[in-house]
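Please follow the chain in the viewer while reading the account below. It moves from a single loop residue to the helices, the core and the pocket.

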Amino acid sequence: MQPFKDCNVEGSITIYDYNAHKWISSDINDSHCQTLPASTFKILNSLILLEEGLVKSENDIIKWPGDPDTLTYGYRPDIYRDMSLKEAYKLSAVWVYLELSKKVGKKKYKEYLSNCNYGNADLSTDDDDFWNFGHLGISPVNQIEVLVSIYEESLPFSRKSFKTLKEIMVEEKTNSYILRAKTGWTRDGGKDTGWWVGYVERENNVYFFATRLIKDREMINPDFGRCRKEITRTILQQMNILE
C-alpha cells in the first residue's frame, strides 16, 4: 500500500468494521503473525492493575524508584518522577508498569492472559518486562479481538476497571468521533517492531485497527516511530473513519 511505501517501511494494517462484522487487511498473512506486543500491552495491563487494586484510579500516583535503566530504555528524563497511571499510559513510562507488574507476578498474569485469549500467553522469559522482551506474541487480528472484548466489556473485569481504562485510552475527541488507542515499540531480536492499535467510536459504528511496522535495526529510518500513526491516520481518513 502507498502509505507504507511513502514511509519506506514493511508492515500491515488490519481493520474491523463492528456493525458489518467485516475484516479488512492490507496483508492477510501478516495480520495473523504473532510478535511482541510492546507497549500496546499497557491496554490490558492497565485493566489488570486496576482489577488487582494496585491502583484505585487513573490519578493514583506511583512513586519514582529512582533508578532509571537508560541502557535498555534510553535516556528519558521526562518520565523520571512520580506520576499517575494516566500519565504513565500517555507517556508510555515502562518503569511505572514494571513496578506494579512485579506485584502481580507471572503466574497471575498467565491466568489473565489465558482468560482474555491474549496472544500465546508465553511468559517464559526471565525478564520482568515480558511484553517488550521474550516470547509473548500477539497478532494484529488478536489485538483487535481483545479490543472488541474491551469495548463490549465482555472480559472478566469490573465495570469500574473498564470505565477507567477507557478514559485513559482517549487520544482524540471531536464532535464526530472518539479515538482510543496505544502505541508500542520494541527493539528485541534485532528488529524494530512498532504498533498503533485502538478503535474509533462514531455515532453509528465502531472501527477497530491494528497497525504494525517491522524493520531490521540496522536499517536506519528516522520516520519509523512517526509512521505508525501517520500510515494509520492516512488509511482511516481515506475510509472516512477519521477526518
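**From a loop residue to the core and the pocket**

A38 is found in the loop between β2 (22-25) and α2. The model under discussion is a predicted one. The phi of A38 is near 50°, a positive value in a residue other than glycine. Most residues other than glycine have a negative phi. With a relative accessible area of 0%, A38 is buried, because buried means under 20% relative accessible area.

A second residue of this kind is A121, whose phi, near 55°, is positive although the residue is not glycine. A121 has its place in the loop between α6 and α7. Its relative accessibility of 7% means that A121 counts as buried. Positive phi values also occur just after two helices: N117, just after α6, takes about 50°, and G53, just after α2, takes about 80°.

The helix α2 (41-51) is mostly covered, with 10 of its 11 residues buried. Among them are nonpolar residues such as F41, I43 and L44, but K42, N45 and S46 are buried as well.

Helix α6 spans residues 106-115, and its buried residues are Y109, Y112 and L113. These three cover an arc of only 95° around the axis, and therefore lie on the same side of α6. An α-helix has 3.6 residues a turn, so residues three or four places apart point the same way. On the other side of α6, K107 and N115 are exposed. The partners of the buried side are α2 and α5, against which the buried residues of α6 pack.

These helices also contribute to the largest nonpolar core. Which of its 54 residues touch the most other members? They are L44, V96, Y118 and F157. At least two residues of this core come from each of α2, α4 (85-91), α5, α6, α7 (140-152), α8 (159-169), β7 (191-202) and β8 (206-216). Apart from this core lies another, of 20 residues, including C7, V200, Y207 and L236. In soluble globular proteins, nonpolar side chains tend to be buried together.

The surroundings of Y118 can be followed residue by residue. Not counting residues up to four places away in sequence, Y118 touches P37, T40, F41, L44, L113, L136, I138, N142, Q143 and V146. Of these contacts, F41 and L44 are buried residues of α2, and L113 is a buried residue of α6.

W64 offers another local view, in the loop between β3 (61-62) and α3. At 22% relative accessibility, W64 counts as partly exposed. Leaving aside residues up to four places away in sequence, W64 touches I79, Y80, R81, D82 and W95. W64 and K215 are 151 residues apart in sequence, and their C-alpha atoms are 33 Å apart in space.

The last feature is empty space. Rolling a probe the size of a water molecule over the atoms shows where such space is left. The largest pocket has a volume of about 730 Å³. It is lined by 31 residues, of which T72, Y73, V94, D129 and N132 are the closest to its centre. At least two residues of the lining are supplied by each of α3 (70-73), α5 (94-104) and β6 (177-186). By residue class, the lining divides into 12 nonpolar, 8 polar and 11 charged residues.

Technical notes: Residues numbered from 1 in each chain as written. Predicted model: local features only at pLDDT ≥ 70, side-chain atom pairs only at ≥ 80, totals over all residues. Heavy atoms only, no water. 1 Å grid on protein atoms, 1.4 Å probe; cavity = no way out; pocket = protein on both sides within 12 Å on 5 of 7 lines; lining within 4 Å. Points joined across faces, edges and corners; volume = space filled by probe spheres on them. Helix = DSSP H or I, 4+ residues; strand = E, 2+ residues; numbered from the N terminus. Buried < 20%, exposed > 50% of the residue type's maximum accessible area, 1.4 Å probe, protein only. Arc of directions from axis to C-beta. Contact = heavy atoms within 4.5 Å. Core = buried A, V, L, I, M, F, W, Y, C linked by side-chain atoms within 4.5 Å.
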